[in-house]
Amino acid sequence: MLQGTNLIKDFRVRLGLFRGNANLRAVDNVSIAIQPGETVALVGESGSGKSTLGRMLLGLIPQTSGALSYRGTDFSQLQGDAQRQFRADVQAVFQDTSASLNPRRRIGDNVESPLIFNRRLSAQQARSESAQLLERVGLDPKTFASRFPHQLSGGQRQRVGLARALASQPKFIVADEPVSALDVSVRAQILKLMQELQAQDQLAYLFITHDLGVARLIAKRVMVMYLGAVVEEGNAADVFARPAHPYTHALTLAAPVPDPARARPARHLMGDIPSPLAPPTGCRFHPRCPYAQAICKTEVPPVREFENGHRSACHFAEQVRAG
Ligand SMILES: Nc1ncnc2c1ncn2[C@@H]1O[C@H](COP(=O)(O)OP(=O)(O)OP(=O)(O)O)[C@@H](O)[C@H]1O
Ligand SMILES: [Mg+2]
């Protein structure tokens, strides 16, 4: 449905007085394909490029190079009706709902505006459909439609964010840390709601999260990013149970994913994530890697493929998988 091939995103950043500008490669040669109705989780530490990749797929920022297409049409060719369809089909839900909800408008109006402006419903139709949408996300319209966003809890606001996204009858939602600011019980409710909505509408999600437990719960497929690159991807259960990249392995140790079958010696992450302005040579993970050998400093690891589309870019993927 949506496809990105060899995507690169560079940002020009100012280094400071007399030090000029530099290129920061936030996304480095990432390919991704989203099928209708599927959930792909995108995980990785802060600064690994998850949101930047999500914003490119939403068409919010242009790629530096690489190709993006929606239903076989290149983004640059999406015009007129096709572009309007794309804007309706592909929606975003963010951690911070203030990015999507207008604080000065009532909840009802916030959900109605895409119905009026994108779907061209009459004011009366929009009112009744927005009430239905609020009900779908578990909010009583009689109680909530006339409130303002600041009068809701974080979990309630996130439900409104979902209702507003659903108003355009999307096919694909990029959800960027949608539950990260919520406490555990509310988080579980919102995840369950997102799964129900998905089953009803054949929605696809790109679910961005730094929480592996959430990724495992919600997604069939997972992609792990490190310093702008996808280092491992595959079926979420396979990847978390038998990581084939030391970075993923370290993430699972830092935040254990419940799985009694997995008992392996601890090999924790060493040091901090390097600056994306000066990424390490060879394998970008080598300075932090407990498996690193001489080859890792000089040669970019090729992608190795295991069963079920499980892929890893590591010179020693087999050893890592063997534990
Ligand atoms: N507009 C921008 N200009 C310059 N650099 C940027 C810009 N947006 C992002 N970056 C840089 O790109 C890199 C990736 O950022 P991104 O927001 O995609 O990471 P992330 O994986 O979403 O992190 P987090 O988990 O903290 O949200 C970071 O080094 C960030 O500083
Ligand atoms: Mg982010």
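A residue counts as buried here if 20 or more other C-beta atoms lie within 10 Å of its own. Of the 323 residues of the protein, 41% meet that description. Keep in mind as you click around that this is a predicted model.

**Stop 1: the whole chain**

Start zoomed out, with everything shown as a cartoon. You should find twelve helices and twelve strands. Along its principal axes, the C-alpha trace spans about 70 × 50 × 40 Å. The radius of gyration is 21 Å, which agrees with the value near 20 Å that a compact globule of 323 residues would have. If you draw a contact map, look well off the diagonal: among contacts with a separation of 6 or more, 64% join residues 24 or more positions apart.

**Stop 2: helix α6**

Now select residues 154-166, which form helix α6. From first C-alpha to last, this 13-residue helix reaches 18 Å, close to the 18 Å expected at 1.5 Å a residue. How many of the 13 residues of α6 are buried? Eleven are, so the helix is largely enclosed by the rest of the structure. Colour the buried ones to see this: the run goes from Gln156, Arg157, Gln158 and Arg159 through Val160, Gly161, Leu162 and Ala163 to Arg164, Ala165 and Leu166. Notice that arginines are on that list, including Arg157, Arg159 and Arg164.

To see what these residues pack against, add the following elements:

- the strands β6 (90-94) and β7 (172-176)
- the helices α3 (107-117), α4 (123-136) and α7 (184-201)

**Stop 3: α3 against α6**

Keep α6 on screen and bring α3 forward. The axes of α3 and α6 lie 8 Å apart, at an angle of about 25 degrees. An angle under 35 degrees counts as roughly parallel, and α3 and α6 are therefore roughly parallel to each other. Their crossing is right-handed. For the interface itself, show side chains for Ile107, Asn110, Val111 and Pro114 in α3, which meet Val160, Ala163 and Arg164 in α6. As a reading aid, an α-helix has 3.6 residues a turn, so residues three or four places apart point the same way.

**Stop 4: α3 against α4**

Hide α6 for a moment and turn on α4. Here the axes come within 9 Å and cross at roughly 120 degrees. That makes α3 oblique to α4. The crossing of this pair is right-handed. On the α3 side, select Gly108, Val111, Glu112, Leu115 and Ile116; across from them in α4 are Ala123, Ala126, Arg127, Glu129, Ser130, Leu133 and Leu134. Val111 is worth a label, as it meets α4 here and also belongs to the set that meets α6.

Which residues of α3 are buried? They are Ile107, Gly108, Asn110, Val111, Glu112, Pro114 and Leu115. Their cover includes α4, α6 and α5 (141-144).

**Stop 5: two backbone oddities**

Most residues other than glycine have a negative phi. Follow the loop between α3 and α4 to reach Arg120. Arg120 is not a glycine, yet its phi is positive, at about 55 degrees. Is Arg120 buried or exposed? Arg120 is exposed, with 9 other C-beta atoms within 10 Å.

Next, jump to the loop between β7 and α7 and pick Glu177. Glu177 also has a positive phi, of about 50 degrees, although it is not a glycine. Glu177 is partly exposed, with 19 other C-beta atoms within 10 Å.

**Stop 6: Arg55**

Select Arg55 in helix α1 (residues 50-57). Arg55 has 18 other C-beta atoms within 10 Å and is partly exposed. Leaving out residues up to four places away in sequence, Arg55 touches Leu60 and Ile61. Try a distance label to Val174: the two C-alpha atoms are separated by 8.4 Å, though the residues are 119 apart along the chain.

**Stop 7: helix α10**

Finish at residues 246-254, helix α10. Seven of its nine residues are buried, so α10 is largely enclosed by the rest of the structure. Those seven are Pro246, Tyr247, Thr248, His249, Ala250, Leu251 and Thr252. Among the elements covering them, display the helices α8 (212-218), α9 (236-241) and α12 (317-322), then the strands β9 (221-226) and β10 (229-235).

Technical notes
Residues are numbered from 1 along each chain as its sequence is written. Chains are lettered from A and ligands numbered from 1 in the order in which they are written. This is a predicted model: local features need pLDDT of at least 70, side-chain atom pairs count only at pLDDT 80 or more; totals for chains, interfaces and linings use all residues. Helices (H or I, at least four residues) and strands (E, at least two) are DSSP runs, numbered from the N terminus. The radius of gyration is taken over C-alpha atoms; the globule rule is 2.2 Å times the number of residues to the power 0.38. A residue is buried if 20 or more other C-beta atoms lie within 10 Å of its own, exposed if 12 or fewer, and partly exposed in between; C-beta atoms are placed from the backbone. Two residues are in contact if their C-beta atoms, placed from the backbone, lie within 7 Å. The expected span of a helix is 1.5 Å times one less than its number of residues. Axes are lines fitted to C-alpha atoms, for helices over the stretch in contact, and angles run from 0 to 180 degrees between N-to-C directions. Angles under 35 degrees count as roughly parallel, over 145 as roughly antiparallel, 65 to 115 as roughly perpendicular and the rest as oblique. A crossing is left-handed if the near helix is turned anticlockwise from the far one by less than a right angle, and right-handed if clockwise.
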